[in-house]
Amino acid sequence: MFHLARGLYANLNRKEQYSILILGLDNAGKTTFLEMLKKEYSKNSKDPNKITPTVGQNVATIPIDSSILKFWDVGGQESLRALWSEYYTQAHGIIFVIDSADRERLEECCQALRTVVMSEEVEGIPILMLANKQDREDRMEVQDIKEVFNKLAEHLGARDSRVLPISALTQEGVKEAAEWILVRLKRNKANKPPDYR
Ligand SMILES: Nc1nc2c(ncn2[C@@H]2O[C@H](COP(=O)(O)OP(=O)(O)OP(=O)(O)O)[C@@H](O)[C@H]2O)c(=O)[nH]1
Ligand SMILES: [Mg+2]
């Protein structure tokens with residue numbers, strides 16, 4: 001009886017766990033975003049000035065509300081992008097970070113995202129696109145960024161997707177981004193069979 005009660009208690013208190021992949025071109029601000037998430041939810045974070053380009057990956061497990069989110073921040077340099085697909089099968093959600101001040105590479109950014117969303121392994125999982133660096137005066141407007149990404153609409157299908165403006169550096173919009181993805185992760189899981197990833 002005691003074991004049954006303990007089992008039930010443990011089950012009720014078990015926190016849902018999700019894996020989220022953070023992708024985007026090099027210099028987009030992925031690692032800065034991850035450090036700011038840590039600052040917002042778990043206090044231990046790196047000084048943004050000490051962040052260097054990621055060669056490989058950064059992993060962080062962050063408790064958000066009643067869930068545990070495991071973030072995989074993978075290097076965005078061209079030579080490293082081929083490695084992104086190795087993370088697809090374990091991802092419950094994707095956050096794609098865009099440098100809003102990098103007009104020259106917006107098309108390259110769109111191509112990189114197209115490759116991601118067209119991959120069967122991530123079909124149907126929520127994708128949040130972050131128009132980062134909104135603090136910069138030379139940023140593009142979110143509306144202009146959205147128009148470019150609208151070209152991908154046919155590949156996004158029926159999944160949840162959204163473009164949100166943020167500034168990882170000033171932490172503006174970081175909490176809203178986490179809240180948006182968490183709601184969609186839970187909703188997507190609720191619609192899936194029990195063996196969901
Ligand atoms: N102004 C401004 N700069 C930012 C912001 N976010 C990141 N940066 C800067 O952009 C540069 C690149 O940031 P990272 O977080 O290293 O970028 P990354 O996407 O992880 O790059 P890779 O690891 O090479 O893939 C750094 O100099 C950051 O300080 C932002 O919101 N505003
Ligand atoms: Mg990085």
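In the predicted model, helices α2 and α6 are roughly perpendicular to each other, because their axes cross at roughly 90 degrees, an angle that falls within the range of 65 to 115 degrees. The two axes come within 10 Å. On the α2 side, the contact is made by F33, M36, L37 and E40, and on the α6 side by V174, K175 and A178. Divided by class, the residues of this contact comprise 5 nonpolar and 2 charged, with no polar residue.

Both helices also contribute to the largest nonpolar core, which contains 45 residues. At least two residues of this core are supplied by each of the strands β1 (16-23), β3 (67-74), β4 (93-99) and β5 (127-132), and likewise by each of the helices α2 (30-41), α3 (106-117), α4 (142-150) and α6 (174-190). The greatest contribution comes from α6, with 6 residues. Within the core, the members that touch the most others are I22, I94, F96 and L130. For F96, the contacts beyond its neighbours within four places in sequence are L23, G24, L113, V116, I127 and M129. In soluble globular proteins, nonpolar side chains tend to be buried together.

Helix α2 features again in the surroundings of ligand 1, where α2 gives the most to the shell, with 3 residues. The shell consists of 23 residues, of which D26, G29, T54, G76 and L169 come nearest to the ligand. By class, 11 residues of this shell are polar, 7 are nonpolar and 5 are charged.

Terms used: Residues numbered from 1 in each chain as written. Chains lettered and ligands numbered in written order. Predicted model: local features only at pLDDT ≥ 70, side-chain atom pairs only at ≥ 80, totals over all residues. Core = buried A, V, L, I, M, F, W, Y, C linked by C-beta atoms within 7 Å. Buried ≥ 20, exposed ≤ 12 C-beta atoms within 10 Å, placed from the backbone. Helix = DSSP H or I, 4+ residues; strand = E, 2+ residues; numbered from the N terminus. Contact = placed C-beta atoms within 7 Å. Near = placed C-beta within 6 Å. Nonpolar A, V, L, I, M, F, W, Y, C, P; charged D, E, K, R; others polar. Axes fitted to C-alpha atoms, helices over the stretch in contact; angles between N-to-C directions. Parallel < 35°, antiparallel > 145°, perpendicular 65-115°, else oblique.
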